[in-house]
Structures are given as structure tokens and as C-alpha cells.
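Visitor: I've got a model loaded and a pile of labels I'd like to challenge. Could you walk me through where they come from?

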Amino acid sequence: MSAVPEIMLNNGRAIPQFGFGVFQVKPADTVEAVTVALQAGYRHIDTAEGYGNEKEVGEAIRKSGLDRADIFVTSKLGNGAHLPDDARAAFAGTLDALGFDYIDLFLIHWPLPTRYDGDYVSTWKTLEEFYRDGRSRSIGVSNFQPHHLRRLHGESEIPQAVNQIEVHPYLTQDDVRAFCAEHQIAVEAWSPIAQGGVLDDPTIVSIASRVGKTPAQVVLRWHIERGDIVFPKSTTPARIKENIGIFDFELSGADVESISALNKNERTGPDPDKFDMV
């Protein structure tokens, strides 16, 4: 299997472009799922306080026998912890749950512009503290729109290394991706296959048949070709191994364009300007 490529972040640190997500993976299933992923060659694990499985992610990494430095781990701030003191406590709780003294990437999970008087800037400035003291090697955001990012740029010092957003062939997010490219913010794609909703699309099925890969592999490869960082999730060992088997083929430029043309601006998740759940 070919090596997973890396993306260089704007602070000079590298992140594997392909990883393993544990959203909606039950804590009881997480150790086994992450163990299978690490054995299959994944070296990037994406979790969050809100997923309830940080502890199990840390346990699987310790049991793997791999060096901690060889595994890139991301987690995210809980929506109920945006106030600075709450964010500090939540971050300490994430490190404690994982059993690490640092994390590779820590994100504000949602901007929550209708809560906290719309003040996600003070939350970001608190993440800057974690970056400066070395407990988070990189910091970023998730589900931020360009107008949210512009405000952060105007009112803070450290640029966002990453913006993790919903991206798939039915929601290509060209405007957000263009803004991030202009400002050297790496884009991570969650819901990369639209929770399976794009896998029966005739265009994708046709390409998959022609290149001898599954529709899911074709869509994941589309993300890689576009420069997205992607981390599909599964608890099925065969699927976990199948998902990472995308580095022995490439899509043509025409294939990438035909998949991108499927865009419907159709979300599987909430609108970041309206989402307010804590």
C-alpha cells in the first residue's frame, strides 16, 4: 500500500491527509475499531469531547505499541465549554481522557454564533493559550464559515491551521474552500460520503466500475485529489481496510470535475449559522 500523503499546515507542522474518524462510534466499540485502523496503516485519529470516546481512543493508541509521536490525534472543544475558564477545564479534561500530555490538533467544534453573545473570539484566544504552551501542537476550527473566519483574523493573533467542514460530492463547499486556500487554512472534510448518500449516484458508480474500485473508494480519492483531509469512519474491519486502499490509483481530471459537478449544496448536517446545540 502506498504511503498516506501529508499536508503541511500553516505553522509548519504536517498532518496525514487520510485518517480515521470515530464520530458515532460507541465507546464500547472504539478501542477495537481504532486498533484495526492502526493495524491497517492509519496514523491520524479524529475524535471530540462530544463523541464520548476520547478515553478509548487513547487506550487503543497506548495498546498499539506505536510511538505516540507517530500518530496524529485531533479532538474538539465541547459546545458547552466556550467561556474561557470552561474551555481551559474542558481542554484539560480532553488531555486527561486521552492520557496524553499534548494533542496534535484541537478545534472549536462549532462557532455557535447565536450563543455566548456570538463571542467565539474569546474562545479562540483561549485555544491560543494551549498552542503557546505546547499542549496543542496546532489549533483550528470546525464548521466555520468565511465571515466567522474573517472576524477571527481581525481580532486574534494566531491563524487557524485547519477548518473542518462538511464536504462531499453533493456539498462541495467551493466558497469556504476558496477562502481557506487563500488564507492557507487546510480543509478537513467530515461526512465525506454524505453518510452513504452519494454512493448510488450513477456518475460515481460508473467511474468506480471503470477504475475497478468501490464507489466509496472513488469518493474518498476525489477528496484526496482536491486536497481535502479526510477521515471516514467504520466499525467493520473489512470496510476500515477498504477505505484506506485508495493510494494505488488516481482519478483523471475529468473524473474529478464530473464528481464535483454533482454539487447540490445539500447538507447532511446542520447549518453552522443556525446550529446552537450545547
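Guide: Sure, here are a few labels, each set against its cut-off. Keep in mind that this is a predicted model.

Visitor: Let's begin with the helices. Why is H5 called roughly parallel to H6?

Guide: The axes of H5 (residues 146-155) and H6 (residues 174-182) cross at roughly 25°. Angles under 35 degrees count as roughly parallel, so H5 gets that label relative to H6. The two axes also come within 10 Å.

Visitor: Which residues make the contact between H5 and H6?

Guide: On the H5 side you have Pro146, Leu149, Arg150 and His153. From H6 come Asp175, Val176, Phe179 and Cys180. Sorted by class, that contact has 5 nonpolar, 1 polar and 2 charged residues.

Visitor: On to the strands. What makes E9 largely enclosed by the rest of the structure?

Guide: Buried means under 20% relative accessible area. In E9 (residues 186-190), 5 of the 5 residues are buried, so the strand is largely enclosed.

Visitor: Which way do the side chains of E9 point?

Guide: Ala186, Glu188 and Trp190 point one way, while Val187 and Ala189 point the other, and all are buried. That fits the general picture: in a regular strand the side chains alternate between the two faces of the sheet.

Visitor: How do you know that E9 pairs with E8 and with E10?

Guide: Pairing needs at least two bridges. E8 (residues 162-166) and E9 have 5 bridges, in the parallel sense, with Ile165 opposite Ala189. E9 and E10 (residues 229-230) have 2 bridges, parallel again, and there Ala189 has Val230 as its partner. Both counts reach the cut-off, so both count as pairs.

Visitor: And what makes E10 an edge strand?

Guide: E10 pairs on one side only, as does E3 (20-21). They sit at the ends of an open sheet of 8 strands, in the order E3-E4-E5-E6-E7-E8-E9-E10, with parallel pairing.

Visitor: Where does H6 fit in with E8 and E9?

Guide: E8, H6 and E9 make a right-handed β-α-β unit. On the other side of the story, E8 also pairs with E7 (residues 136-142) over 2 parallel bridges, where Val141 is matched with Asn163.

Visitor: One last label. Why is Glu32 called exposed?

Guide: Glu32, in helix H1 (residues 27-40), has a relative accessible area of 55%. Exposed means over 50%, so Glu32 qualifies.

Terms used:
Residues are numbered from 1 along each chain as its sequence is written. This is a predicted model: local features need pLDDT of at least 70, side-chain atom pairs count only at pLDDT 80 or more; totals for chains, interfaces and linings use all residues. Side-chain values use heavy atoms; hydrogens and water are left out. Axes are lines fitted to C-alpha atoms, for helices over the stretch in contact, and angles run from 0 to 180 degrees between N-to-C directions. Helices (H or I, at least four residues) and strands (E, at least two) are DSSP runs, numbered from the N terminus. Angles under 35 degrees count as roughly parallel, over 145 as roughly antiparallel, 65 to 115 as roughly perpendicular and the rest as oblique. Contact means heavy atoms within 4.5 Å. Ala, Val, Leu, Ile, Met, Phe, Trp, Tyr, Cys and Pro count as nonpolar, Asp, Glu, Lys and Arg as charged, and the others, Gly among them, as polar. Buried means under 20% relative accessible area, exposed over 50%, partly exposed in between (1.4 Å probe, protein chains only). A crossover is right-handed if, with the strands pointing away from the viewer, the path from the first strand over the helix to the second runs clockwise.
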